[in-house]
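Trainee: Could you take me through one part of this structure, the spot where the ligand sits? I'd like to see what surrounds it and then follow one residue a bit further.

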Amino acid sequence: MAIVDAKAMLLKATEEKYAVGAFNCTNLIQMEAVVETAVELKAPLILQASVAPSVFLKPRVIAAIYRTLADSAPIPICLHLDHCNEVEFCKVCADAGYTNIMIDASKQDFSENIRQTKEVVDYCHQLGGVSVEGELGTVSGVEDQVRVSEDEAALCDPEQALDFVDQTGIDIFAPAIGTAHGVYKTKFPKIDFERFEKTAKLINGSKLRVPLVVHGGTGLQPDVVKKLVALGGAKYNVSTDLKHTLIDTTYDYISAHRQEYNPGKVDKTVKEAIKARIAYWIGLLGSAGKA
Ligand code: 13P
């Protein structure tokens, strides 16, 4: 199936009211687990790599693995660079073969956020086949090299969001609505649904133009997830859940098998655990059977 940029995939999701799972991976086992599960469930998929794993593994290596996995998968798959706050590295990853780039200049003031985001948009669109995600307001918590304290976190202003979308020409938009990266301190974080709905209406009310992204997906209760999807969340990001699954499963396996030196068995156990989490998210997001 085609390797795709994210926009068409997410416009379809918005129209049909489901969300595509966008899963942050740091290694091959995770990538394989995610792709295998999406294929089994016939779900469209966004594989994400944030900046640290992209630098560590090298963008061309990640893109090559992804193309190999995607080439034989009968579902649309997009490779997304997550939360990159450096314009030049966005360009490096677009050149390497990522098909969706997130420039996160949300910590900058409004005009500088527009300037940097537009520079990445212009570059990727001229390259062709690469869509761009931008963010307005700041999502609190830690996602790789992007750290935002609760004091710094600012929610997105819907009117400004429309201006941002129009001026930058972005393909996908991430509004800050109170979700957070990492582990929530409370079971019931305060999510600003009204703000999300108003933003969705202003941007996509008269004509569906720019799909919306929900960041900070780990830890939200199922009813919250479903509500955000119903209001127009078309891309749903999950990172922390997969990191915890990887580390905890590895730790538990090794603790229980201290005398065994068989990495393949650790990998297999981790892969099964990740697959179970991906199946959970795809089920909740309603994307099974939509490929
Ligand atoms: P979590 O940390 O909640 O998994 O959020 C991931 C995310 O939004 C990546 O951009």
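Mentor: Sure, and let's settle one term before we start: a polar contact is a pair of N or O atoms within 3.5 Å. Keep in mind that this is a predicted model.

Now to the ligand. There are 15 residues around it, and Asp82, Gly216, Thr218, Ser239 and Thr240 come nearest. Take Gly216: one of its backbone N or O atoms is 2.8 Å from an oxygen atom of the ligand. With Asp82 the side chain does the work, placing an N or O atom 2.6 Å from a ligand oxygen. Thr240 also uses its side chain, with a polar atom 2.5 Å from an oxygen of the ligand. As for cover, the ligand on its own has 310 Å² of accessible area, and the protein covers 100% of that.

What is the shell made of? By class, you'll find 11 polar residues, two charged and two nonpolar. Strand S3 (77–84) supplies at least two of the shell residues, and so does strand S10 (233–238).

Let's go back to Gly216 and step to a residue that touches it: Thr179 has Gly216 among its contacts, along with others including Val139, Tyr184 and Leu220. You'll find Thr179 in the loop between strand S8 (172–175) and helix H8 (193–204). Is Thr179 buried or exposed? Buried, because its relative accessibility is 4%, and the cut-off for buried is under 20%. His215 is another residue that Thr179 touches, and here the side chain of Thr179 reaches the backbone oxygen of His215 at 2.7 Å.

Conventions: Residues numbered from 1 in each chain as written. Predicted model: local features only at pLDDT ≥ 70, side-chain atom pairs only at ≥ 80, totals over all residues. Heavy atoms only, no water. Near = heavy atom within 4 Å. Polar contact = N/O pair within 3.5 Å; in protein donor to acceptor, adjacent residues only side chain to side chain. Areas by Shrake-Rupley, 256 points an atom, 1.4 Å probe, with all protein chains shown as cover. Helix = DSSP H or I, 4+ residues; strand = E, 2+ residues; numbered from the N terminus. Nonpolar A, V, L, I, M, F, W, Y, C, P; charged D, E, K, R; others polar. Buried < 20%, exposed > 50% of the residue type's maximum accessible area, 1.4 Å probe, protein only. Contact = heavy atoms within 4.5 Å. Lists of a residue's contacts leave out its neighbours within four places in sequence.
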